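Reader: I'd like to go through this structure with you and keep asking where each label comes from. Could you show it first?

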Number of protein chains: 4
Amino acid sequence: MAGNSYGTLYKVTTFGESHGEALGGIIDGCPPGIELDIEAIQYEMSRRKPGQSAIVTQRKEDDQVQFLSGIFEGKTTGTPIGFIIPNTNQKSDDYSHIKDAYRPSHADYVYEQKYGLRDYRGGGRSSARETASRVVAGAVAKQVLKDIKINAFVSSVGHIFIDKPYQDLDFSKTESNPVRCPDEASAQKMEEYIREIRKQGDTVGGTITCVLQNVPIGLGEPVFDKLHAELGKAMLSINAVKGFEYGSGFCVAKMKGSEHNDLYNIDGTTKSNLSGGIQGGISNGMDIYFRVAFKPVATIMQKQETIDNQGNVVEMMGKGRHDPCVVPRAVPIVEAMAAIVLADFYLLNKTYK
Amino acid sequence: MAGNSYGTLYKVTTFGESHGEALGGIIDGCPPGIELDIEAIQYEMSRRKPGQSAIVTQRKEDDQVQFLSGIFEGKTTGTPIGFIIPNTNQKSDDYSHIKDAYRPSHADYVYEQKYGLRDYRGGGRSSARETASRVVAGAVAKQVLKDIKINAFVSSVGHIFIDKPYQDLDFSKTESNPVRCPDEASAQKMEEYIREIRKQGDTVGGTITCVLQNVPIGLGEPVFDKLHAELGKAMLSINAVKGFEYGSGFCVAKMKGSEHNDLYNIDGTTKSNLSGGIQGGISNGMDIYFRVAFKPVATIMQKQETIDNQGNVVEMMGKGRHDPCVVPRAVPIVEAMAAIVLADFYLLNKTYK
Amino acid sequence: MAGNSYGTLYKVTTFGESHGEALGGIIDGCPPGIELDIEAIQYEMSRRKPGQSAIVTQRKEDDQVQFLSGIFEGKTTGTPIGFIIPNTNQKSDDYSHIKDAYRPSHADYVYEQKYGLRDYRGGGRSSARETASRVVAGAVAKQVLKDIKINAFVSSVGHIFIDKPYQDLDFSKTESNPVRCPDEASAQKMEEYIREIRKQGDTVGGTITCVLQNVPIGLGEPVFDKLHAELGKAMLSINAVKGFEYGSGFCVAKMKGSEHNDLYNIDGTTKSNLSGGIQGGISNGMDIYFRVAFKPVATIMQKQETIDNQGNVVEMMGKGRHDPCVVPRAVPIVEAMAAIVLADFYLLNKTYK
Amino acid sequence: MAGNSYGTLYKVTTFGESHGEALGGIIDGCPPGIELDIEAIQYEMSRRKPGQSAIVTQRKEDDQVQFLSGIFEGKTTGTPIGFIIPNTNQKSDDYSHIKDAYRPSHADYVYEQKYGLRDYRGGGRSSARETASRVVAGAVAKQVLKDIKINAFVSSVGHIFIDKPYQDLDFSKTESNPVRCPDEASAQKMEEYIREIRKQGDTVGGTITCVLQNVPIGLGEPVFDKLHAELGKAMLSINAVKGFEYGSGFCVAKMKGSEHNDLYNIDGTTKSNLSGGIQGGISNGMDIYFRVAFKPVATIMQKQETIDNQGNVVEMMGKGRHDPCVVPRAVPIVEAMAAIVLADFYLLNKTYK
């Protein structure tokens, strides 16, 4: 399996299965001399971890990150930062029922076809637990980018959505509710809906919106490595993501040029920002905002027919502790991937000076 | 400027500005022994080139590709394939009015901020003319992937869209009309709408849908290099693209797990295909389909206020020959980028055997 | 710091300082389904570790590798293999004397100039302890390449050298003596010389020769990624290496074409093998052999003048437990790097089939 | 074939066979705003080209480089620099005798084994003509590195060598003789020797020494991407190179630590420079110097037995115009590759500021 690295200059490589000894990763290319706030990193981990509230999975995972290198007397040294997150609370016997059968809309079948075998415990490498390492690398990236504000939040769950522009939201409220929706009225409705879905033994999709503010002009590279292309890849690489749009997004397809163009102010800022802070693949100093669509979790507490590796039809039902809706816990993951992308382009942009 | 390469094993690197001597590129990693059908490549070029019909730009560009290496006695040799596309019909004087001023929603301003200077003729490197090189590389990739069918088509222009699933369309009709929409009734409406928009001196956005059929099981790499993440990056790297979704796409955000899961048939195919042919980032042998949103062309034949590099407000109006709607000509570009991504993963997947 | 990854398809990324919590790394791209012999890996670690005999450093390092992922029921799964090697026996106080002063011919000064700070304990990342992670990755690579024989050995220490061609040596004797020289007469002289050097508080250089047998035809890529160019980089990246030559090596500079050309046998093998098994950067099926020069360890048990970070002249003398000659312990490192390079090209070559 | 790119930030990709339409390449990542001296680039081309003097091959190649992009009003724009070098004087019929037979110690056999076919005209991609593109990319890199002095020269031909340290040489004399040896007495002997060798229908090897001066402290990355490791790979990737050593090189193997250590002056410079300007893989501000060994050209004007692709023994004799000794023309190639490596690390080092 290739594909476990992200970035060119701020380069993150991760490893780990959901039921192995540990997950972890290496951040290569982190600039030296940064005083790392370890608590801030652990805080991001706690936002992602299961068991935070009644509407997310009740699995207990400690998700304590241990840094093994690259930090000396509290500062980054410029050498690679190795870290692990031990798997402390995994029960492998929970997963014996999927040893031979392929869960619908999971990666079981394709892993076995591609690799000839799979670590079936909890989905192995395809488990969303993999994203824990991304959150660590993103939390470090945030500290590289001290002046940039990165705010993701849940903008819809099922048919319930925030019907305000992001400018009218108070991001400081995102963490005030278990849904991670800064609009409290919407948050309450979403929470109720998720409880209801869970009672049905079902799951539901949602969207996350992310706003990047104070991004310097000039990040992103033209042609293949446009800033939004890389953000798109980063988001689409997160488990369960099915769509990405930035700025005016899919709505743009119905618009006219005369409506869509962002006219300039005298200082180079723009009067409108349908471009979403990026032109020609390069940040223009305006807010960058994008939206990410997540599918409903495939593991449901209802009986489904499926097949096993002998070609038999078998019946299967989700066991254990799963999220009825993945978006609340995905908020820190979206922020982490955005931070990793920005850190990489930020370093790359220094080579032009 | 970095970012002019795409792919790891089937690696494409391009160069060229709209008004330089030539565009071109290098395909490194093309397998040896492929009998290249040069006419098929030139056919793809003709699909992208301007001046094909009344509803696209009337600029004349010959877009003749010249291969300089990597082919011997009609076959690829495994060595890098270098090619150029001379710029034969560029009028630099057309662009003097934008030498000092920044066109709204174009890359003029950010290029100058990032690089300190820019080739202002026709947008230079940020011109969509850059995509000609992608079409060459994609046309070669299609020949590497002889068994895979790649069909893109215009699925909407402005508010007009095909209201049928792609399974009900006859892709052989895509080239029968200037819009490249295989649903003839929709195609006619779209064409009329584009003519109307052009009369207004305006432009309009649209969407392209792409269907990949007969893709072998196992393409794509888990975690960061998921197949759909790479397809998303590839599409978002095309000029004017604002959004990407695959399978159930953004609709998924409103769905329940019980509705969304694709149940298996006994042979490993699935009864439904909301997953869009990809699970856990790996192709599962079902059709892959995705949708791409394009913004309206920023150059309009109407007066707009903007600023120049002295900080003055100036008035500007599009000159010359521009597309009122970009999607018809973008169809071969979408196919090209899809082919490049698939060729790369196809080669990578061979390393597991 | 960048530069902590090696390889494209068999990709190794490492981290760790000599006195941090642990060293470790990630192997991304190891093929699935390989039954890993963990003892064989640990055996390679024991060849590299300090304290094996009277002529190497008497530091005790356990060098137990712990695999954290990528292996399931004894087989590689194709997912990234994460591993750590805890630092169990480090005494940081040994190094307080070099906190502010720069050891001659060490990396202390340049690290501080480049990064603005350094982890001075035991050389930090610049310590040869870093190579422990390489040995793990190389030991796994050897198991990917079951049919290829990789044999390195000490071919000279100071002025003492083996005066036989490698074809006359019995590689099974390499491990029979602490110098790792398969020619027993030379081994004994080398051992005596190293003991003598150590008594003087001095150190001495040497060379390692490596022979790769049974390499399939076709490994290596022309132009920049020639097989010997990559082997050269891999060897030169090992601490203390100052030179690399393959086949006829530096002697070639004095030879004539009529003497140097390797004429073909009817089966495509060659009558002589001055080419060293590589032509045009591609393996030709003959033995590959190369030679690597190591400098004497810079830390000596004699007083030397040096400077500190305040610009003062200070006197310094090596403390602790250092190798009088590095080549015996470098043998498994040379083999490891050769295996990593071959594994990468081996996988890459599969994409042509 | 992969492996036609070099560098991460200053990234060079090349294409072209000796008898195709043209060679060429793309430089991606060249900083913007550099006033390119095109004549200086063409001058480097003329140093490499055949037919310069009586002791090199009498083939006529114009080697005129044409830049196609990335330059505007005399300055680099930061976009990729595409260039071609048309093949104007190739006679394909010269090569019919090697269509089916494999020249000894050439790449004919391995190319055919690896790729299944080969462009046999003049060696195709394996021809040293490929290095013309490197010289272009290196000549541009030299202009990126205005303050760094890069001087290569012929230090030996056959058994004749300069017996002075490089500090006693006047590099301005390198171009004063056809051998490119700055020591005029040695140059004359070398020239005579090469004439004699040519009369014998034979060829001879040699060495090139290269000195890099005024390199800033801090270039190079520890562990795998050490500055000397990358220089080594770059040199070993040049056709006919068999060995690389830097600083004290292979001699180091006989030295003691007490002799080899470079002691510091109070300003951070060192009293001696056996390290060759690099410590721990990072430049320390002292002169970097290294030596490269070239084999004798494999094509000789004498009869040799070889085999053809039907397994027959055939007799072969070199035809046409070949170099009796490759080192005089390789001097600009060595400089070019050194410049490419330095430019890449120079840009990378900016990311730490």
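Author: What follows is a chat about how the chains, helices and strands meet, and it is a predicted model we are looking at.

Reader: Fine, start with the chains. How many residues does each of chain A and chain B bring to their contact?

Author: Chain A gives 90 residues and chain B gives 90 residues. On the side of chain A that touches chain B, the elements that each supply at least two residues include α2 (108-115), β10 (206-213), α5 (227-236) and β14 (288-294). Sorted by class, that side has 38 nonpolar, 36 polar and 16 charged residues.

Reader: And what about chain A and chain D, how many residues are in contact there?

Author: There, 9 residues of chain A touch 9 residues of chain D. The side of chain A facing that contact splits into 5 nonpolar, 2 polar and 2 charged residues.

Reader: Why are chains A and B said to be related as by a two-fold rotation axis?

Author: Look at the superposition: chain A goes onto chain B by a rotation of 180 degrees, with 0.0 Å of shift along the axis and an RMSD of 0.0 Å. The two copies are therefore related as by a two-fold rotation axis. The contact surface fits in with this, as 100% of the contact residues of chain A recur in chain B.

Reader: What rotation and shift put chain A on chain D?

Author: A rotation of 180 degrees does that, again with 0.0 Å of shift along its axis and an RMSD of 0.0 Å. In this contact, 100% of the contact residues of chain A recur in chain D.

Reader: Back to A and B. What makes β11(A) and β11(B) count as paired strands?

Author: Two strands pair if there are at least two bridges between them. β11(A) and β11(B), the latter covering residues 241-246, have 3 bridges and run in the antiparallel sense. One of the residues involved is Gly243(A), whose bridge partner in β11(B) is Glu245(B).

Reader: Why are α5(A) and α5(B) called roughly antiparallel?

Author: Their axes come within 8 Å and cross at roughly 165 degrees. Angles over 145 count as roughly antiparallel, so α5(A) and α5(B) get that name. The crossing itself is right-handed.

Reader: Which residues make that contact?

Author: From α5(A) they are His228(A), Ala229(A), Glu230(A), Gly232(A), Lys233(A) and Leu236(A), and they meet His228(B), Ala229(B), Glu230(B), Gly232(B), Lys233(B) and Leu236(B) of α5(B). By class, this contact has 4 nonpolar, 4 polar and 4 charged residues.

Reader: How do you know that α5(C) and α5(D) are roughly antiparallel?

Author: By the angle once more: the axes of α5(C) and α5(D) cross at roughly 165 degrees and come within 8 Å. With the cut-off at over 145, α5(C) and α5(D) are therefore roughly antiparallel. Their crossing is right-handed. Among the residues that meet are His228(C) and Leu236(C) in α5(C), with His228(D) and Leu236(D) in α5(D). The class count for this contact is 4 nonpolar, 4 polar and 4 charged.

Reader: Then why are α1(A) and α7(A) called oblique?

Author: The axes of α1(A), residues 38-48, and α7(A), residues 327-350, come within 7 Å and cross at roughly 135 degrees. That value falls outside the ranges under 35, 65 to 115 and over 145, so α1(A) and α7(A) are oblique to each other. Glu44(A), Arg47(A) and Arg48(A) of α1(A) meet Arg329(A), Val331(A), Pro332(A), Ile333(A) and Ala336(A) of α7(A). The residues here are 4 nonpolar, no polar and 4 charged.

Reader: One last item, the sheet in chain B. What makes β1 and β4 edge strands?

Author: The sheet is open, with 5 antiparallel strands in the order β1-β2-β3-β7-β4. In chain B, β1 (5-6) and β4 (66-67) each have a single partner strand, so one side of each lacks a neighbour in the sheet. For β4(B), 2 bridges join it to β7 of chain B, residues 81-86. In one of them, Phe67(B) has Phe83(B) as its bridge partner.

Reader: And which strands does α3 of chain B touch?

Author: Helix α3 (residues 131-144) packs on that sheet and touches β2 (11-15), β3 (22-28) and β7 of chain B, with its direction at about 30 degrees to that of β3(B).

Notes
Residues numbered from 1 in each chain as written. Chains lettered and ligands numbered in written order. Predicted model: local features only at pLDDT ≥ 70, side-chain atom pairs only at ≥ 80, totals over all residues. Contact = placed C-beta atoms within 7 Å. Helix = DSSP H or I, 4+ residues; strand = E, 2+ residues; numbered from the N terminus. Nonpolar A, V, L, I, M, F, W, Y, C, P; charged D, E, K, R; others polar. Least-squares fit on C-alpha atoms with pLDDT ≥ 70 in both. Axes fitted to C-alpha atoms, helices over the stretch in contact; angles between N-to-C directions. Left-handed = near helix turned anticlockwise from the far one by under 90°.
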